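Q: Please take a close look at one part of this model, the largest cavity, and set it in the context of the whole chain. I would also like to know how far the model can be trusted and what is found elsewhere in the fold.

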Amino acid sequence: MRDVLPTLADHWRRGEPVGLTTVVATTGSAPRQPGASSIRLADGRVLGSVSGGCVEGAVYELAGEVMASGTPSSERYGIADDEAFAVGLTCGGILDVFCESVNQETWPGLGDLADAVAARRPIAVATVTAGAHGQVGSHLTVTADDVIGTLGGPNLDRAVAQDARGLLDLGESSTLRYGSAGERTGDGVAVFVNSFAPPPRMIVFGAIDYAAAVAAAGAALGYHVTVCDARSVFATRDRFPAAHEIVVDWPHRYLRAENAAGRIDSRTAICVLTHDPKFDVPALQAAFETPDGVYIGAMGSRRTHDDRLRRLRQEGVTDADLARLHSPIGLDLGGQTPAETAVSIVAEIISARRGGSGVNLNRLADHIHPDAVR
């Protein structure tokens, strides 16, 4: 929902109803993951996507019906019938969606949700998608220390808030089921928890042309991108228009300060593109102090890489630390330009984060979307 939330909130504030359709569960190979949303505006325009194209027409009609009736609705889209005109997913998966008419009466707390997401504050919203009459469509907004709204009872609210905080810590969205007393069960009330964790960070060290391309690619992938270099003449807004932050500081000093402040987590990607020992060796030493799971990559030729490893070992860096290092950075795509190199770098980051193999899909016999299968 993150991509359509600003427009949704804008129409909500103007008192205009919006049809919101959200993916709440997937089975098998599905094109979008839970939390993906599309909205139908009062004038008929549509933004966002729940399927990448397969069932968008049917979802558009569903949103129109829900807006007209005011009654939320759930729908399941399965495998398409190639011999008929049935709506379905050609990829062979199953997609469960929940459609609701959103306005200030049906969702009073939407404005607070939009403000928190815009400010990059962790927040989750729980929505009843199946349950007793009058319960479906109710919302509970959950932060680290507050709960706003109700799903119908204090026991359920407490149970959902606890689970929502767990999902928020993981940055995941999921449908959960509870009994009447709030116990987790296979029956009773179905609640979709949509987590809005702050965007993952990408920190790029080295104000060079390759860094500008990597910053643009990272921003396009949804990372909050910081470019850091100790040389103010190079670290400028004109050279890095896609970066969210430009910092003039020594890389190792900046990284240690960010890590000490708790602003580095396992979703962070650190790209050391300086390939200058006086910058990259101290920066990498600081990077190895960050939490497990942080992506750490460094640019340079094989010769530069070997020299860098020698220098790092002289500084006391262990083999366990070096095992975290992706160097030379990126996948072998044959790229030569800064933009092509940036693609190879972010491709490796995606592979490391998602557990991909990096090989051609036509060489795989397994599912294209293994997370959905699991």
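A: The secondary structure of the protein chain comes to eleven helices and 16 strands, in a model that is predicted. Of the 374 residues, 46% are buried, and among contacts with a separation of 6 or more, 56% join residues that stand 24 or more positions apart. The chain exposes about 18100 Å², of which carbon and sulfur atoms supply 50%.

Confidence should be considered before any detail is read. The average pLDDT is 89, and 90% of the residues score at least 70. Among the elements, strand β14 (residues 269–272) has the highest mean pLDDT, at 98, whereas helix α11 (residues 370–373) has the lowest, at 44. Over residues 81–86 the pLDDT stays under 50, and the model gives this stretch two contacts beyond four places in sequence.

Turning to the part you asked about, the structure holds one cavity of 30 Å³ or more, and about 80 Å³ of space lies in the largest cavity. Its lining consists of M1, L20, T22, V24, F98, E100, W107, V125, T127, T129, F192 and N194. Four strands, β1 (18–27), β5 (94–102), β6 (123–130) and β10 (189–196), each supply at least two of these residues. Read against those ranges, L20, T22 and V24 belong to β1, F98 and E100 to β5, V125, T127 and T129 to β6, and F192 and N194 to β10. By class, the lining has seven nonpolar, four polar and one charged residues; the charged one is E100, while T22, T127, T129 and N194 are the polar ones.

Strand β6, which contributes to this lining, can be followed outward in two directions. On one side, R120 sits in the loop between α3 (110–118) and β6, and although R120 is not a glycine, it has a positive phi of about 65°. At 33% relative accessibility, R120 counts as partly exposed, because its value falls between the limits of 20% and 50%. On the other side, T141 lies in strand β7 (residues 139–142), and its C-alpha atom is 6.3 Å from that of A126, 15 residues apart along the chain. Leaving aside neighbours within four places in sequence, T141 is in contact with I123, A124, V125, D146, V147 and I148; V125 is also one of the residues that line the cavity. T141 has 6% relative accessibility and therefore counts as buried.

Strand β14, with the highest mean pLDDT among the elements, includes V272, which counts as buried at 0% relative accessibility. Beyond four places in sequence, V272 is in contact with F205, D280, A283, L284, G297, A298 and M299. Of these partners, A283 is eleven residues from V272 along the chain, and their C-alpha atoms are separated by 7.5 Å.

For a space of the other kind, the second largest pocket holds about 250 Å³. Of the 13 residues that line this pocket, I329, L331, G335, T341 and S344 are the closest to its centre, and the lining divides into six nonpolar, six polar and one charged. A cis peptide bond, with omega of about -5°, joins S327 and P328, and P328 is placed in the loop between β16 (325–326) and α10 (338–354).

Key: Residues numbered from 1 in each chain as written. Predicted model: local features only at pLDDT ≥ 70, side-chain atom pairs only at ≥ 80, totals over all residues. Heavy atoms only, no water. 1 Å grid on protein atoms, 1.4 Å probe; cavity = no way out; pocket = protein on both sides within 12 Å on 5 of 7 lines; lining within 4 Å. Points joined across faces, edges and corners; volume = space filled by probe spheres on them. pLDDT = per-residue confidence, 0-100. Contact = heavy atoms within 4.5 Å. Buried < 20%, exposed > 50% of the residue type's maximum accessible area, 1.4 Å probe, protein only. Areas by Shrake-Rupley, 256 points an atom, 1.4 Å probe, with all protein chains shown as cover.
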